[in-house]
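Visitor: I'm new to reading protein models, and I'd like a close look at one part of this one. Could you take me through the side-chain contacts slowly?

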Amino acid sequence: MITNYTENNYLVLVGKIISDKTFSHEIYGESFYLFNLEIPRLSGIEDIIPITISERLIANFDLEIGKKVVVEGQFRSYNSYENEKNRLVLTVFAKDIMDYNEEQQIEEPKEKVSNEVVLNGYICKKPIYRQTPFGREISDILLAVNRAYNKSDYIPCIAWGRNARFCKNIEIGTEVKIIGRVQSRTYEKKFDDGKVEQRVAYEVSIGSLEIIDKKQNEDENNQAEAI
């Protein structure tokens, strides 16, 4: 399967449904539901990714627990207000879903992608560079990805190694193209009263990053038009 959206935010996930669907919200008479998709990593652990899907996509599709499916869509964010505090919530917005066809994947190995997201956006916060106690380099990035109707998705991304070192000097407002995978991780949220709460964060683990040079693109387009 080839993801052929012309948008600046698209992904393809192959995983196993591990939860029943639950009602999420309704917009203009269209209901949306949530379910969790389990996607294995090469390391042997799994990412558990929340999927938001329209009732219209699953009207004749069975979201059976244990079923292996392919999801195409976008990685989106929205603000949730809890206890007078703003929290960024991330989810995969499904644009298509289908049964995973094992035979087709064997016949077309170039299509064998289990977790890939491509984003074109702008650095909207100064990257945070750090090193682990073992010397591993990490950079945290917040990417603003434009959507229709003057909306934007704010996607946390994490870079490693040489990419992390490169990212620490990228200026706010720089346009970049990122290819990576959606991942989940657990962490502990500590409150002022001493309480500790287990939470799950979602982000894009960067595989490759490219700075978009608009001037170069414009020059190339002008040359093409002249030819």
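Visitor: Let's start with the rings: how many aromatic pairs does the count come to?

Guide: Before anything else, keep in mind that this is a predicted model. The count of aromatic pairs comes to two. Let's take them in turn.

One of them joins Phe23 and Tyr33, with 5.9 Å from centre to centre and 80° between the planes, an edge-to-face arrangement. Now look at where the two rings come from. Phe23 belongs to strand β2 (residues 22-27) and Tyr33 to strand β3 (residues 30-40), so this pair ties together parts that are 10 residues apart in sequence. Tyr33 has a relative accessibility of 19%, and since buried means under 20%, Tyr33 counts as buried. Tyr33 has another neighbour to look at, too: Lys21 lies over the face of the Tyr33 ring, 5.6 Å from the ring centre.

The other pair is made by Phe32 and Phe93. Their ring centres are 6.0 Å apart and their planes meet at 40°, so this pair is tilted. Phe32 sits in strand β3 and Phe93 in strand β6 (residues 85-99), so here the pair ties together parts that are 61 residues apart in sequence. Phe32 counts as buried, because its relative accessibility is 7%.

While we're on rings, have a look at Tyr129 as well. The charged end of Lys168 sits over the Tyr129 ring, 4.4 Å from the ring's centre.

Strand β6, the home of Phe93, comes back when you turn to the largest pocket. This pocket has a volume of about 1,700 Å³. It is lined by 46 residues, and the closest to its centre are Tyr78, Arg87, Leu88, Val89 and Leu90. Strand β6 gives the largest share of that lining, eight residues. Sort the lining by character and you get 23 nonpolar, seven polar and 16 charged residues.

Now for contacts between opposite charges. The count of salt bridges comes to 10, and I'll pick out a few to follow through the model. Start with Arg181 and Asp47, which form a salt bridge with their closest N and O atoms 3.5 Å apart. Arg181 lies in strand β11 (residues 175-190) and Asp47 in strand β4 (residues 46-54), so the pair ties together parts that are 134 residues apart in sequence. The two partners don't share a setting: Arg181 is partly exposed, with a relative accessible area of 25%, whereas Asp47 is buried at 1%.

Next, find Arg130 and Asp140. They form a salt bridge too, and their closest N and O atoms are 2.2 Å apart. Arg130 is in strand β8 (residues 128-131) and Asp140 in strand β9 (residues 137-147), so this pair ties together parts that are 10 residues apart in sequence. Arg130 is partly exposed, at 36% relative accessible area, and Asp140 counts as partly exposed as well, at 25%.

Strand β9 also takes part in a contact with a helix. The side chains of Arg165 and Glu137 meet in a salt bridge at 2.7 Å, N to O. Arg165 comes from helix α2 (residues 161-167) and Glu137 from strand β9, so the pair ties together parts that are 28 residues apart in sequence. Arg165 counts as partly exposed at 44% relative accessibility, while Glu137 is buried, with a relative accessible area of 13%.

There's one more thing to see about the charges: Arg41, Asp47 and Arg181 are joined into one network by salt bridges that share partners.

Let's finish with the backbone, in two loops. Most residues other than glycine have a negative phi. Tyr28 has a positive phi, near 50°, and is not a glycine. Look for Tyr28 in the loop between β2 and β3, the strands that hold Phe23 and Tyr33. Tyr28 counts as exposed, at 83% relative accessibility. Tyr149 has a positive phi as well, about 60°, although it is not a glycine. Tyr149 sits in the loop between β9 and β10 (151-160), and at 77% relative accessibility Tyr149 counts as exposed.

Notes:
Residues are numbered from 1 along each chain as its sequence is written. This is a predicted model: local features need pLDDT of at least 70, side-chain atom pairs count only at pLDDT 80 or more; totals for chains, interfaces and linings use all residues. Side-chain values use heavy atoms; hydrogens and water are left out. Rings of Phe, Tyr and Trp (its six-membered ring) pair if their centres lie within 6.5 Å; planes under 30 degrees apart count as stacked, over 60 as edge-to-face and the rest as tilted. Helices (H or I, at least four residues) and strands (E, at least two) are DSSP runs, numbered from the N terminus. Buried means under 20% relative accessible area, exposed over 50%, partly exposed in between (1.4 Å probe, protein chains only). A charge sits over a ring if NZ of Lys or CZ of Arg is within 6 Å of the ring centre and within 35 degrees of the ring normal. On a 1 Å grid over the protein atoms alone, a cavity is a set of points where a 1.4 Å probe fits but cannot get out, and a pocket is an open set with protein on both sides within 12 Å along at least five of seven lines; lining residues have an atom within 4 Å of a point. Grid points are joined across faces, edges and corners, and a volume is the space filled by probe spheres set on the points. Ala, Val, Leu, Ile, Met, Phe, Trp, Tyr, Cys and Pro count as nonpolar, Asp, Glu, Lys and Arg as charged, and the others, Gly among them, as polar. A salt bridge is a side-chain nitrogen of Lys or Arg within 4 Å of a carboxyl oxygen of Asp or Glu.
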